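This report covers overall dimensions, salt bridges and a charged surface patch. The sequence and structure come first.

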Amino acid sequence: MIAVVPVKYAATDSVWSREQFENWMRPGIAHSLGDFWWRCSRGLFDVSSQVYDPVVIPDPGQVTNDDRDDLQDAVVKAATQVDWAHTDVLLIWLARPTGWWGGGWVWVPGPDGQQKQIRATVVDSITPFDAACQELGHGLGLGHELDLNGASYTSPYSVMSARAYGSARASWIRKSVAELPDGDLNKESPYAGIPANLIVGPLVPGAHLYRDARFRDSSSVAHVRGLPAKVRLYKPDYTARGSGRPVLIAVPSQRHDGRVFCVEVRRAATEAYDQAITNEGLVVHSVNPDGRIRYDGAAGLALGDWACSAGDFALRLTTVTDDFVDVEVRAGSVVSFPIRGVLLAGGFRTQHQLNTMTQDQMRNTLIVCMASLSKQNDYQRYDNDTLAGMGAIMVFLRRNGLRDDAALKSMTADDQRNVAIVELGAQTGAGQALQGFTNLQLAQIALGSDLATRGRRPGSTPFYGRGVLLAGRFRTQHQLNTMSRDDMRNTLIVVMASLSNQKDYQAYSDAELAGVGAVMVFLRENGLRDDEALKKMSADDQRNVAIVELAAQTKRNLQGLSNLDLALTALGVERF
């Protein structure tokens, strides 16, 4: 139970009425302190309270962190009427500003003449409501969220951090209501001169609740145990009928570092605690092994992918409503929009043209291309990955001379897929097993992935040197089928030596060789450098040019990516 003790420094000091204090602590009255924590904790925190008569203590003057123990002890000594046996948190409300509010521990009378230690929360007449919520949050055992560097006060989605002692982030001004006190005038920017109790902050992340088994083991949490996984996720204050809907997705770190990532959807709504959050969408906090909560970032509400590098997973939004979103959690911190890669590899748009296009424009362009190079016209109904897969199969057949435009126009997307499966069967020997792969996976197999042979052929590993020779049109699909891996490797070494100023490619591993080859093909096939320019450049020079080009695409520093990941970035698959 929370013991609320108003404190005067003189008998004439003004305090709120008992009714106002009781309303302030009562769940169910919007924007009361008790309601805030009852809603944030989904009823798990004990916010029952007892409001006691005011006590009078000597004026302590301006209070600092060093003085707070003396202040708290003076209140405990004066508050002889408090039922300490049933008190878990002491909430001290000071009638006059002291220059300090906060939380900590305090010694109070215990059983058998002994003392016991309980949590204390100290606020005063000008403490903003959002700050009072934060201080009581400490009294309930919550800490400030951290950022990637371990700094505190870093989550704009939590009252435990958002205001950051003066920041305007995520706080807003409610209307005055008769049931609740307005408070004295706040003195802090940006709301100086506003009654303190009208300054409302956001809810707290569900990651704090995840540490409590009552919440963690409830139907409010969707535990992701295998990826990919699909979840319908509701906002914390959803309005749909029924209880127990998932409001948090728990994703174990894919980096196996003991962290659990907690995903919520946060929406701003008038008069709701989250009214002032500026970036609605999926919000990610993580629970560290030491119990601290870290803010890891947020994705907006646009349909598409968002990568969480810290946890090595990605979130894909597929449906957005006012009350819930549909989310797919995927392995790997990868943002994927392969439609871009189809347009680029197919020569339908250049790198620079694609940089000026939105994803919707790229999607619509591919739909037009597919309708003109097949006998279907219903591509609008397919999702992005399915559409990209169909396009990738068409480009594989077209770019490699396996079917000309006239033949493609007489075929459905399924017809084209079946032709590709026959061709890839000749490459891999996998036969009907290829029917089990998606079109995008079939395109990967054509480029050297071992998806079709993994577990069937001893020692099977990817060899993307094949894909470089194919994409660069140095060899055809049928020519590559007759070549050993060593033949393909040696051919790529000759090609690279002829299109750079290096001759030492024999020392490169297969993956390194494929990477430098992929960068060269990206520059060459997209007209970013011609053969004469390439011949004057080392592989590192070519890589640096590619990084500059791709930085214009992604607005990111890509120096940390491998060459193969740079090539994937050009194709719309970004690794973080």
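At 5% relative accessibility, does D450 count as buried or exposed? D450 counts as buried, because 5% relative accessibility falls under the 20% limit. The model is predicted, and in it D450 forms a salt bridge with R454.

**Overall dimensions.** The protein chain has 20 helices and 19 strands. Its radius of gyration is 31 Å, whereas a compact globule of 576 residues would have one near 25 Å. Along the principal axes, the C-alpha atoms fill a box of roughly 95 × 50 × 45 Å. Of the 576 residues, 55% are buried.

**Salt bridges.** The whole structure holds 28 salt bridges, including these:

| Pair | Closest N to O distance |
|---|---|
| D450 and R454 | 2.7 Å |
| D35 and R39 | 3.0 Å |
| E525 and R473 | 3.0 Å |

E525 lies in helix α17 (residues 510-525) and R473 in the loop between α14 (465-471) and α15 (477-481), so this pair ties together parts 52 residues apart in sequence. E525 is partly exposed, at 26% relative accessibility. D305, R316, E328, R330 and D385 are joined into one network by salt bridges that share partners.

D35 and R39 are four residues apart, about one turn, within helix α2 (residues 33-40). D35 is buried at 0% relative accessibility, while R39 is partly exposed at 43%.

**Surface charge.** A patch of negative charge on the surface gathers D66, D67, D69, D70 and D73. Among them, D67 sits in the loop between β3 (55-56) and α3 (68-78) and is partly exposed at 31% relative accessibility.

Terms used: Residues are numbered from 1 along each chain as its sequence is written. This is a predicted model: local features need pLDDT of at least 70, side-chain atom pairs count only at pLDDT 80 or more; totals for chains, interfaces and linings use all residues. Side-chain values use heavy atoms; hydrogens and water are left out. Patches are made of residues with over 30% relative accessible area and no salt bridge: like charges are joined within 9 Å, nonpolar side chains (Val, Leu, Ile, Met, Phe, Trp, Tyr) within 5 Å. Accessible areas come from the Shrake-Rupley method with a 1.4 Å probe; for residues, only the protein chains shown count as cover. A salt bridge is a side-chain nitrogen of Lys or Arg within 4 Å of a carboxyl oxygen of Asp or Glu. Lys and Arg count as positive and Asp and Glu as negative; His and the chain ends are not counted. The place of a charge is taken as NZ of Lys, CZ of Arg, CG of Asp or CD of Glu. Helices (H or I, at least four residues) and strands (E, at least two) are DSSP runs, numbered from the N terminus. Buried means under 20% relative accessible area, exposed over 50%, partly exposed in between (1.4 Å probe, protein chains only). The radius of gyration is taken over C-alpha atoms; the globule rule is 2.2 Å times the number of residues to the power 0.38.
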